[in-house]
Protein chains: 2
Amino acid sequence: MRLKIKKILKSDDSIIGKKIKVYGWVKSVRDQKNFAFIEINDGSSFSSLQGVIENSNEDFRKILEISTGASLCLSGEVVKSPGKNQTYEMKIEHIEIIGNCSEDFPLQKKRHSFEFLRTISHLRHRTNTGGAINRVRNSLIFNTHKFFHAKDFFYIQTPIITSSDTEGAGDLFRVTTLKDLKKPEIEDFFKKKTFLTVSGQLNAEALAMGLSDVYTFGPTFRAENSHTSRHLAEFWMLEPEMAFCDLKGDIELAQDYIKSMIKAILKENDEDMQFFDQFIEKGLLERLNHVLDSNFEILTYTKAIDTLLKAKNQKFEFPVFWGCDLQSEHERFLTEQHVKRPVVVIDYPKDLKAFYMKDNDDGKTVAAMDILVPKIGEITGGSQREDSYEKLLKKIKDKNLDLDIYKWYLDLRRYGSAPHSGFGVGFERLLQFITGIENIREVIAFPRAAGTCDF
Amino acid sequence: MRLKIKKILKSDDSIIGKKIKVYGWVKSVRDQKNFAFIEINDGSSFSSLQGVIENSNEDFRKILEISTGASLCLSGEVVKSPGKNQTYEMKIEHIEIIGNCSEDFPLQKKRHSFEFLRTISHLRHRTNTGGAINRVRNSLIFNTHKFFHAKDFFYIQTPIITSSDTEGAGDLFRVTTLKDLKKPEIEDFFKKKTFLTVSGQLNAEALAMGLSDVYTFGPTFRAENSHTSRHLAEFWMLEPEMAFCDLKGDIELAQDYIKSMIKAILKENDEDMQFFDQFIEKGLLERLNHVLDSNFEILTYTKAIDTLLKAKNQKFEFPVFWGCDLQSEHERFLTEQHVKRPVVVIDYPKDLKAFYMKDNDDGKTVAAMDILVPKIGEITGGSQREDSYEKLLKKIKDKNLDLDIYKWYLDLRRYGSAPHSGFGVGFERLLQFITGIENIREVIAFPRAAGTCDF
């Protein structure tokens, strides 16, 4: 019977004595003359399985041939481990070497820098950190789907290739089959100019008007020439959109989502999270548990500016005034120094935010929200959307956006409009928040960024 | 208490007498003088909720204002329905009109052609068919994740922007930030020529070597100028990839996956499937149950050609000979006429298939498989991958592919190589297969095809 290593190590004692097969890659081989240890990993578990083979076994001679990184099939019996690092181990009866590993294998038993590992993205998931990131990423997505499924949300797929751009944000990738971009757009594949999407929100709004609660989760793109530890040119974004939901409901859902994900990962990926806490960010578990135990403080932008202006002992690089964009230093002061827990800043000046956000009654601010958490800063942003046809039309005209492109979007306000809200979570940033990994290029398998498109 | 309509209609009698609120969009209003019926739908269920309001209620006058498509909140008490179309209905106590619907609303109570509905993709999910498709699509994806999660597969995200192209297939979309494509590639965003991916397979192979079992599920692209009912320029593809797995295991998993999905949808989306059976494809349920009850017949390509050549009474448009590509007419003959159940054709001539497929010992064929089902033809294709470094190197050279681009891919055969296999499922085609919908543009919310990039 073939078993994954996770199943063996997480089993109860009923597994003792079972004859099993394990397929995986060698982490280490230790030859102790009378017997030898083989550590093997198949990705399913942080801990590897230890196999023990005695020198009386005819496969013992194979020990000399096996190098780190080789793929093997080990057959044998599960026994209780006398060591304290694992509960069960395998008494090896047979070793099958499936694919040996060339001597220049870069992942020998030593620490490698993340920078170096990025140059071998096709192999780095075989390291302890790489495996743990992939397991947490996988759990996080499955739990995301479970979370929304339980609330009767529709998982929808919004388009990647688009002719509109949600925020008028610039920095778009052009998608084309033309050989010469000076040719008229009508000659291009879609008979118009097309780009990679920066957000699925507008399309998600259309589907929410009829399906009530939806979320899109897919790749989004920014052609920003950023070389920071927080930017990717291609990243995954989660965007829930709810009809009959105002900003308050939006904030509640976002808070519920973030806490539910922390809770699920702490439970399901305990070994990976212990590893991150010990080797990646000391105090990670404490930081996450603190978020879990906190009620998120709601603060208006106006109050936030007030607080920043009153923070006499705090030097900020960027000037603070009503109407300024909150910089990372401001956000972190609010969440780390001022309230010492997650903060939801609401009601931003309308000039700072996108055209589709709902005007507040004060005429100056919009029903936007950004959630800030200690150490990371902004983890999600969202808003209630403008649901009045007249007001939205005026906003589109005021921003000089192409009315023709937004005709269908305006339609949503003519045929059974409803208050609706949503938020966006940059999925890789959420992973940074949960794992403590510093650079965003580590939490996605094959990162795309300015000048970086390998593998 | 706010409830989704699905929850009400699928409840047991304990719901009778409960005071609830329902938010949704009006399907119809029927004024019977002494009382009126309002049918309201929120997307959660095929059936709408029927609300009944008496003319003594002070909100009765609002009936005159409400048009089809308006968004409402109905409050009232759940009662047993005397009608035979539903189990429960609502005795309305209060009507709140949230957003009325302009008189030019195109979805009045009558049948519309799919062609017309495509011109209003931002609204068509509010129709019976559109709602059903979205519910089935959502279920199918969630069940896909559940299926692979239960088998300890990792859900991985392979890149969308790529500098290699899996099959050397041509017909790629260029991704660029250049204003002039005559400029040197080094000046482009990624400092090289980049495209939209046609498959995540090569990257999935890398991750399978270490994580054992993975699947990627994301958008893929073809810049083919096709105007058929089976082609999209942007579609979602499921691609599982398994280490330590040969073609036999690959076929078993694909069969298990297809049957599990049919079973889940028949169970979870019974009302939607009844509707498709009645109005979209008569006999749909019988066709699906037949697939469910069948063992998939395995047939070598050579045997398949033999069978086609012997089919004397069958006229084929395309000539049949060993080495010919199987055309749709051939595939459908095999599955519909010859074995009358799903057929797995294996061991194709190597010149017909991609460079990465594993050579069979005969020197002429490769370990490929295509699964053909009645009425649809090919539903999935896969293969065992070449795991020998030398053989793969030779194949890459023979096909004149750029060795530099495939260096990392070859590495996978140098560091603990293992037999591995996978397959690809065009997700929208699977949806066509399960729903009986004729045109692929109906099963994705906002279709992209040659000349089509609206919304």
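Mentor: Let's start with a term: contact means heavy atoms within 4.5 Å. Keep in mind that this is a predicted model.

Trainee: Thanks! With that in hand, which residues does T365(B) touch, not counting residues up to four places away in sequence?

Mentor: T365(B) touches W322(B), D347(B), Y348(B), P349(B), K350(B), K358(B), D359(B) and N360(B). As for its place, T365(B) is in strand β14 of chain B, which covers residues 365-373.

Trainee: Is T365(B) buried or exposed?

Mentor: Buried means under 20% relative accessible area. T365(B) has 4% relative accessibility, so it counts as buried. Its side chain also makes a polar contact with the side chain of D362(B), at 2.7 Å.

Trainee: Now to chain A. Where is F105(A) found?

Mentor: Look in the loop between β5 (88-99) and α2 (114-118) of chain A. The same cut-off helps here: F105(A) counts as buried because its relative accessibility is 5%.

Trainee: What does F105(A) touch, leaving out residues up to four places away in sequence?

Mentor: Within its own chain, F105(A) touches T68(A), G69(A), L123(A) and R126(A), and from the other chain it touches Y415(B). For a sense of distance, take T220(A): F105(A) and T220(A) are 115 residues apart in sequence and 34 Å apart in space, C-alpha to C-alpha.

Trainee: So a contact can link two chains. How many residues of chain A are in contact with chain B?

Mentor: The count is 103 residues of chain A, in contact with 103 residues of chain B. Another way to read an interface is by area: the two chains bury about 8700 Å² between them, and 62% of that is on carbon and sulfur atoms.

Trainee: How many salt bridges does the rule find across the interface of chain A and chain B?

Mentor: Twelve salt bridges cross the interface. You can look up one with D152(B) and K7(A), whose side chains meet at 2.6 Å, N to O. The rule also finds 57 residue pairs in polar contact across the interface, with both residues at pLDDT 80 or more.

Trainee: Which element of chain A gives the most to the side that touches chain B?

Mentor: That is helix α3 of chain A (residues 128-150), with nine residues. By class, this side of chain A has 49 nonpolar, 28 polar and 26 charged residues.

Trainee: And how many bridges join strand β8 of chain A to strand β8 of chain B?

Mentor: Three bridges join them; each strand covers residues 174-176, and the two run antiparallel. To find the pairing on screen, pick V175(A), which stands opposite V175(B) in β8(B).

Note on methods. Residues are numbered from 1 along each chain as its sequence is written. Chains are lettered from A and ligands numbered from 1 in the order in which they are written. This is a predicted model: local features need pLDDT of at least 70, side-chain atom pairs count only at pLDDT 80 or more; totals for chains, interfaces and linings use all residues. Side-chain values use heavy atoms; hydrogens and water are left out. Buried area is the accessible area (1.4 Å probe) that two parts lose on being put together, summed over both. A salt bridge is a side-chain nitrogen of Lys or Arg within 4 Å of a carboxyl oxygen of Asp or Glu. A polar contact is a pair of N or O atoms within 3.5 Å; within protein, one must be able to donate a hydrogen and the other to accept it, and residues adjacent in sequence count only if both atoms are side-chain atoms. Helices (H or I, at least four residues) and strands (E, at least two) are DSSP runs, numbered from the N terminus. Ala, Val, Leu, Ile, Met, Phe, Trp, Tyr, Cys and Pro count as nonpolar, Asp, Glu, Lys and Arg as charged, and the others, Gly among them, as polar. Two strands pair if DSSP finds at least two bridges between them. Buried means under 20% relative accessible area, exposed over 50%, partly exposed in between (1.4 Å probe, protein chains only).
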